[in-house]
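This report introduces a protein structure to a reader who has not met it before. It considers internal spaces, aromatic rings and selected residues in turn.

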Amino acid sequence: MMRRTIHTYIVIVFTIVGTVVFNGCEDPIPTDLYVEQTLIEALLTVNQPVEGVLISRSTPIADTFRFEDSFVRDAQVMIYSDKDTMRLVYRQGRFSSEYYCPDTTKIVQPLTRYNLRVQMQDGRVFTSAMTTPSPFVWKQKLPDILQFPKDTNNLQRPDFNVFTSWEPPQNQNDFVLRLRCLDTLEYGKYLNPPTEERNRRVFRFFENTRSARYRNTAQYIFLGNATASPVAWLAFKWYGKQEVSVLAPESNYLRWFKQRFGGNTFNPLLTNIEGGAIGAFGAASEIKHEIFILKNQR
């Protein structure tokens, strides 16, 4: 899913506070302007266990910034419906942290209203609710193996005539395409016969190598109400083993996506978290398929 990005919102808080502080120029730096903001990102996937729920806090601009200091590790988090209750626990990852449901037999059900409740150690409680979308299926998958074109600026007909399509769920108007490399290191071991050849990135002339998105293994493309998509070759970041997914998000997930990938800001007025926190509690249905991208011939 599109997770581990709520911390982007922290930057917004830094910017706002920084502008207020430094506009004083010669005045002493005030210490009473900072108000801590809680940030919640709970994006579920239909027919999958609950994981990747992020809870963090903004940090004062006057303090030395350490990313790990923003993680909230001691909240009580619960997601529940009329038929089930999932109590989430915290776990620390290598680069981030998350709350997840240890009971992986409990999966997110379609067309179900779920509630979120987050209780902080200081007694504050944040809540939200949403209804999950219905599942859907492929109409036409991509071939299992695709040859990356030698020249993407001068495509031959077989190179641009590769499509994938799906049957849209009822009352679903928008879709998101996700392309994710499953192994950025290995390449040859997936060939027949296997080799020791290593994987490499696709050269993309427009790419900013200093951007945080450069290191992200996934690429997201908003498709609007389209129910089919051609292969956009330069959307792939690496060659080799890939996962092609189509997401059908409900309104809260879609609102989050458009802000997250349409810019670098988050409008607190568009949050669906009650109680004073900002963020999103939403869900999406997903279909996915694994393919292999052969390297272009140099």
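## Cavities and a pocket

The largest cavity has a volume of about 70 Å³. The model in which it is found is a predicted one. A search of the whole structure yields four cavities of 30 Å³ or more. The lining of the largest cavity consists of L142, T164, L177, L179, S229, P230, V231, A232, F236 and V244. Strand 11 (175-181) and strand 13 each contribute at least two residues to the lining of the largest cavity.

Open spaces are described separately. For the second largest pocket, the volume is about 310 Å³. Its lining is made up of 13 residues, and R204, E207, R213, Q219 and K237 are those nearest the centre of the pocket. Strand 12 (residues 218-224) provides three residues, the largest share of the lining of this second largest pocket.

## Aromatic rings

Twelve aromatic pairs are counted in the model. In one of them, the ring centres of F148 and Y239 are 5.2 Å apart and the planes meet at 85°, so the pair is edge-to-face, since an angle over 60 degrees places a pair in that class. This pair links distant parts of the chain, its two members being 91 residues apart. F148 belongs to the loop between strand 9 (145-147) and helix 2 (157-160), whereas Y239 belongs to the loop between strand 13 (228-230) and strand 14 (240-249). F148 is buried, with a relative accessible area of 4%, and Y239 is likewise buried, at 3% relative accessibility; the limit for this class is under 20%.

A further pair is formed by F205 and F206, whose ring centres lie 5.4 Å apart with planes at 85°, so this pair is also edge-to-face. F205 counts as exposed at 61% relative accessibility, because exposed residues are those over 50%. F206, at 46%, counts as partly exposed.

Ring pairs also join F148, W233, F236 and Y239 into a cluster. Among the members of this cluster, F236 also appears in the lining of the largest cavity.

Two arginine residues lie over the faces of aromatic rings, as the table sets out.

| Arginine | Ring faced | Distance from the ring centre |
|---|---|---|
| R91 | Y100 | 3.7 Å |
| R201 | W238 | 4.1 Å |

## N272 and its surroundings

N272 is placed in the loop between helix 3 (251-262) and strand 15 (278-294). With a relative accessibility of 14%, N272 counts as buried. The side chain of N272 reaches the backbone oxygen of F281 at a distance of 2.9 Å. When neighbours within four places in sequence are left aside, the residues in contact with N272 are T127, S128, A129, N252, G279, A280 and F281.

One of these contacts, G279, also has a relation to L54. These two residues are 225 residues apart in sequence, yet 9.6 Å apart in space, C-alpha to C-alpha. L54 itself is found in strand 2 (residues 54-57). At 2% relative accessibility, L54 counts as buried.

Methods
Residues are numbered from 1 along each chain as its sequence is written. This is a predicted model: local features need pLDDT of at least 70, side-chain atom pairs count only at pLDDT 80 or more; totals for chains, interfaces and linings use all residues. Side-chain values use heavy atoms; hydrogens and water are left out. Rings of Phe, Tyr and Trp (its six-membered ring) pair if their centres lie within 6.5 Å; planes under 30 degrees apart count as stacked, over 60 as edge-to-face and the rest as tilted. Helices (H or I, at least four residues) and strands (E, at least two) are DSSP runs, numbered from the N terminus. Buried means under 20% relative accessible area, exposed over 50%, partly exposed in between (1.4 Å probe, protein chains only). A charge sits over a ring if NZ of Lys or CZ of Arg is within 6 Å of the ring centre and within 35 degrees of the ring normal. A polar contact is a pair of N or O atoms within 3.5 Å; within protein, one must be able to donate a hydrogen and the other to accept it, and residues adjacent in sequence count only if both atoms are side-chain atoms. Contact means heavy atoms within 4.5 Å. On a 1 Å grid over the protein atoms alone, a cavity is a set of points where a 1.4 Å probe fits but cannot get out, and a pocket is an open set with protein on both sides within 12 Å along at least five of seven lines; lining residues have an atom within 4 Å of a point. Grid points are joined across faces, edges and corners, and a volume is the space filled by probe spheres set on the points.
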